[in-house]
Amino acid sequence: MLMFLTKKAFQRMHLHLVPGLTGIAILWAFVVGCSPTQDTKESRSKRDLLVDEKATPSVPVAGTNLTFSIDEGIDEASLDAYIVGYPDTLVAEKIAVHRYQIKNVPVGTRDVIITGTSSGSKLALGQTFDRGLRLRKDLREGEILELGTLHLPPTGQIKGRLEMEGVSSFQTVQVTIPGTKLAATQPTAEGAYTFSNLPVGLHDFGALQQVNPRSAIGAAEVSSQTSPGVRRIIVRSEPNAPNSLSIVPKNNSLILSWSTGGGEVSGYLVFKKRSGTESFKPEAGKAYEAGTLSSGDIVFVGSTSYFADNAVRNGQSYSYEIYAFNKDLVYSKPLAGSGIPKAPAYQYTAYRLLIDSTASDCETFGTTQIQSLRFHMDNSWQVNDFSNANNSGKIGRYPVVVSSNSVYNSAYEVYNAFTEDNNPWSTLDDAFLIADPFDVNRTAYPG
């Protein structure tokens with residue numbers, strides 16, 4: 001395959017290319033033997049105590065004590081207060097009438113949620129409080145943070161809408177407020193969601209899609225008895241699968257190309273399946289590299305929709321599965337196909353590339369000037385070597401002779417188009433990809 005980068009050409013030139021050609025680290029482990037001690041009743045008892053001891057949930061043993069009082073309008077039996085992220089372990093204890101304390105709170109910036117019920121109020125079915133407050137405080141080690149007497153305002157509500165990148169429905173998403181006791185909600189078929197009965201304050205939201213281990217994050221300020229909107233949150237599910245797979249057989253090679261299925265696709269993974277094994281399913285959130293697995297080989301991970309598999313033999317059938325993935329490394333359903341490489345009916349030993357141009361070096365004429373040439377051969381970008389400063393050099397391991405039937409400026413030698421430092425504005429951004437490699441039929445084109 002030849003890929004070359006062009007911007008404009010000084011002359012017609014011919015390119016004639018002729019194909020050519022442990023250390024072991026040992027880690028010694030020394031084991032010191034000991035004589036067995038007498039297994040007395042006392043030693044057995046101590047050993048059994050160690051074996052039978054059960055682990056208990058850990059809570060911080062040092063930090064900050066946080067204290068506060070609540071107004072008399074709150075039913076004390078209904079009061080609940082906890083540190084966000086520790087809803088079951090760092091909870092408030094009553095220390096006096098209408099006065100509470102949360103002990104051993106880890107230092108740093110922490111959120112505390114305090115909820116309760118107005119005295120004498122009637123709650124709706126399933127509702128456990130109608131007043132609430134969320135506060136964010138900086139806590140220092142060893143200090144007692146006094147919040148004073150808190151007035152718990154009526155709870156509020158927020159509304160928002162999700163945006164989906166991928167093929168899943170919004171019924172596969174749950175919107176949560178992480179680290180709290182507040183119930184999750186599920187959006188409508190259009191992605192709209194509503195959180196009611198929320199403590200007043202700033203809340204962080206997480207929209208978690210079933211196949212995506214990474215939450216989409218949003219935030220909103222809840223004010224008493226208002227319904228502010230939340231900016232749209234983008235949720236990523238599995239992307240559209242690739243389509244239109246083409247597998248072109250070559251001599252000990254298969255050329256795979258496909259089309260994107262649309263949507264926000266960041267790249268592709270090509271899996272070569274081993275005969276008789278189960279299909280491979282990439283794990284969401286996991287990055288993969290080329291390598292061998294139990295059921296086959298990952299042969300390509302990249303952003304281009306093209307791959308040349310040269311690790312094949314003529315006459316054997318090979319099966320492939322191609323997955324698209326997005327920014328969150330969520331993988332699509334596979335696009336499957338198979339092919340059999342075969343030898344061509346002819347052989348070739350040389351390429352001739354003809355670049356025909358009657359260009360001037362004046363850009364105002366709108367003509368084509370060739371400023372640099374790069375070649376993609378043997379499934380890799382080749383390095384040009386014309387360091388001998390004449391028309392003979394190499395492209396990768398292949399010897400090359402460059403000739404020209406006309407040069408506009410004799411001081412500008414033709415081989416300069418193959419050197420790496422020709423003109424700075426000639427870059428790989430302008431590369432032209434030939435998806436199907438050139439096979440030169442020397443019978444039809446003996447020259």
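# A tour by selection

Select L269 first: V301 in β21 stands opposite L269. The model you have open is a predicted one.

**Stop 1: strand β21**

Extend the selection to residues 296-302, which make up β21. Five of the seven residues in this strand are buried, so β21 is largely enclosed by the rest of the structure. Now add its partners. Strand β19, residues 267-273, is joined to β21 by six bridges, and the two run antiparallel. Strand β20, residues 291-293, is also antiparallel to β21, with three bridges between them. Pick L293 to see one of the pairings: its bridge partner in β21 is G296. The link from β20 to β21 is a hairpin through two residues.

**Stop 2: from β19 to β22**

Keep β19 on screen and show the side chains of K272 and D309. They meet in a salt bridge, 3.0 Å from N to O. K272 lies in strand β19 and D309 in strand β22, so this pair ties together parts that are 37 residues apart in sequence. Are these two residues buried or exposed? Both K272 and D309 are buried.

Step on to N310. This residue sits in the loop between β22 (306-309) and β23 (318-325). N310 counts as partly exposed, at 40% relative accessibility. Display S253 as well: its side chain makes a polar contact with the side chain of N310, at 2.9 Å. Then set a C-alpha to C-alpha distance from N310 to N251. It reads 8.9 Å, for residues that are 59 apart in sequence.

**Stop 3: the three-strand sheet**

Select β12, β14 and β15. They form an open sheet in the order β12-β14-β15, with antiparallel pairing. The edges are β12 (173-176) and β15 (216-222); each has a single partner strand, so one side of each is left without a neighbour in the sheet. On average, neighbouring strands here are turned by 25 degrees against each other, direction ignored.

Start with the pairing of β12 and β14. Strand β14 covers residues 201-209, and four bridges connect it to β12 in the antiparallel sense. Click Q174: L208 in β14 stands opposite.

Move across to β15. Seven bridges join β14 to β15, again antiparallel. A207 has A216 in β15 as its bridge partner. A hairpin through six residues joins the two strands.

Now color β15 by face. Which of its side chains point to the buried face? A216, G218, A220 and V222 point to one face and are buried. I217, A219 and E221 point to the other face and are not buried.

**Stop 4: the four-strand sheet**

Select β5, β4, β8 and β9. In that order they form an open sheet with antiparallel pairing. β5 (86-91) and β9 (131-139) are at the edges, each with a single partner strand, so one side of each is left without a neighbour in the sheet. The average turn between neighbouring strands is 40 degrees, direction ignored.

Zoom in on β8 and β9. Nine bridges join these antiparallel strands. In one of the pairings, D111 has R136 in β9 as its bridge partner.

Go to S118, which is found in strand β8 (residues 108-118). S118 is buried, with a relative accessible area of 13%. Its side chain makes a polar contact with the side chain of R131, at 2.7 Å. Beyond its neighbours within four places in sequence, S118 is in contact with G73, D130 and R131.

**Stop 5: salt bridges**

Finish with the charged pairs. A search of the whole structure finds twelve salt bridges. Show K94 and E76, whose closest N and O atoms are 3.3 Å apart. K94 lies in strand β6 (residues 93-96) and E76 in strand β4 (residues 74-83), so the pair ties together parts that are 18 residues apart in sequence.

Next, pick D204 and R136. Their side chains meet in a salt bridge at 3.7 Å, N to O. D204 is in strand β14 and R136 in strand β9, so the pair ties together parts that are 68 residues apart in sequence. D204 counts as partly exposed at 32% relative accessibility, and R136 does too at 43%.

Return briefly to K272 and D309, with their salt bridge of 3.0 Å. For the last selection, take D111, R134, R136 and D204: salt bridges that share partners join these residues into one network.

Definitions and conventions:
Residues are numbered from 1 along each chain as its sequence is written. This is a predicted model: local features need pLDDT of at least 70, side-chain atom pairs count only at pLDDT 80 or more; totals for chains, interfaces and linings use all residues. Side-chain values use heavy atoms; hydrogens and water are left out. Buried means under 20% relative accessible area, exposed over 50%, partly exposed in between (1.4 Å probe, protein chains only). Two strands pair if DSSP finds at least two bridges between them. Axes are lines fitted to C-alpha atoms, for helices over the stretch in contact, and angles run from 0 to 180 degrees between N-to-C directions. A polar contact is a pair of N or O atoms within 3.5 Å; within protein, one must be able to donate a hydrogen and the other to accept it, and residues adjacent in sequence count only if both atoms are side-chain atoms. Contact means heavy atoms within 4.5 Å. A salt bridge is a side-chain nitrogen of Lys or Arg within 4 Å of a carboxyl oxygen of Asp or Glu.
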